[in-house]
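User: I'm new to reading protein models and would love a close look at one part. Could you walk me through the place where the ligand sits, and then one side-chain contact as well?

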Amino acid sequence: MKYSPEHVGIIMDGNGRWATKRGLPRMMGHNAGVKRLIKILPYIYERGVKCVSLYAFSTENKFRPAEEVDNLMKLLSKNLQKLSDEIADKDIKFSVMGDTDFLPSDVRETIKALTEQTKHKQGGYLNVALNYGAQDEILRAVNLAVKKRKELNKQEFSELLYTAGLPALDLIIRTGGEKRLSNFMLYQAAYAELYFTDILWPDFTEKEVDKALDFYEKRNRRFGRVD
Ligand code: IPE
Ligand code: IPE
Ligand code: MG
């Protein structure tokens, strides 16, 4: 029996370079990236992962050229429902982390509906980071804590993060060759294993999922102790 991480965060990077390499506009890379995601997501759950957090759009990504941001929002609006259909029979609870006020109203409506429809599901979790930044998330939690006017312990603080109720983050996968977290789940990453690959996101196949999970399986997670 393979030993799978319970919660995997994925930084889906490299769409733009995938397109540029082929002489295509960047947006074609984003299209290909979404197709790939819809294709492999069921496989990730089949491999025993319970919770997937996807970095889809960062707080910094909104400073890209307006045309790209606009097209990304359109792509999102077209594919959010598709993504959830893919996991509909899998008893998966859907959530979004990030400041959704920025998102177009139809996307916000779809998110609301999906969150409501799946709120009692328990088989697994799909958590999508949209207009998300870990620094914003931590600040938001601190501000909520300040309003409570009481000192919080670690458990109480983690309940103020977007990931409240989700399993602890075990593994972060980043495609596209960069070895940084780019403001993704900084608090939750405290003891996550980190897997970086040069594969560009639209090329991330089931075989690449296996490589990442095999890497995880070989780690010795000491959590600061002596084994
Ligand atoms: C990641 O791919 C997707 C988003 C950030 C929305 P990029 O668009 O960052 O692709 P590269 O890094 O430019 O290749
Ligand atoms: C991180 O990728 C964000 C997403 C994958 C959504 P970026 O392409 O935005 O990260 P940087 O700019 O290389 O750090
Ligand atoms: Mg990038």
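Analyst: Happy to! One term will help us first: a polar contact is a pair of N or O atoms within 3.5 Å, and within protein one must be able to donate a hydrogen and the other to accept it. Please keep in mind that this is a predicted model.

Let's start with ligand 2. The space it takes is the largest pocket. Around ligand 2 you will find I11, M12, D13, Y55, A56, F57, N61, R64, R174, R180 and S182. Sorted by character, the shell holds 5 nonpolar, 2 polar and 4 charged residues. Strand β2, which covers residues 51–58, gives the largest share of that shell, with 3 residues.

Now look at the oxygen atoms of the ligand. An N or O atom in the side chain of N61 is 2.9 Å from an oxygen atom of ligand 2. R64 has a polar side-chain atom 3.3 Å from an oxygen atom of ligand 2, and a polar side-chain atom of R174 also lies 3.3 Å from a ligand 2 oxygen. As for cover, ligand 2 taken alone exposes 390 Å², and the protein buries 78% of that.

Next comes the side-chain contact. R47 belongs to the loop between α2 (26–46) and β2. Is R47 buried or exposed? Its relative accessible area is 15%, so R47 counts as buried, the cut-off being under 20%. The R47 side chain makes a polar contact with the side chain of D210, at 2.6 Å.

Technical notes. Residues numbered from 1 in each chain as written. Chains lettered and ligands numbered in written order. Predicted model: local features only at pLDDT ≥ 70, side-chain atom pairs only at ≥ 80, totals over all residues. Heavy atoms only, no water. Near = heavy atom within 4 Å. Areas by Shrake-Rupley, 256 points an atom, 1.4 Å probe, with all protein chains shown as cover. 1 Å grid on protein atoms, 1.4 Å probe; cavity = no way out; pocket = protein on both sides within 12 Å on 5 of 7 lines; lining within 4 Å. Sits in = over half its atoms within 2 Å of the grid points. Helix = DSSP H or I, 4+ residues; strand = E, 2+ residues; numbered from the N terminus. Nonpolar A, V, L, I, M, F, W, Y, C, P; charged D, E, K, R; others polar. Buried < 20%, exposed > 50% of the residue type's maximum accessible area, 1.4 Å probe, protein only.
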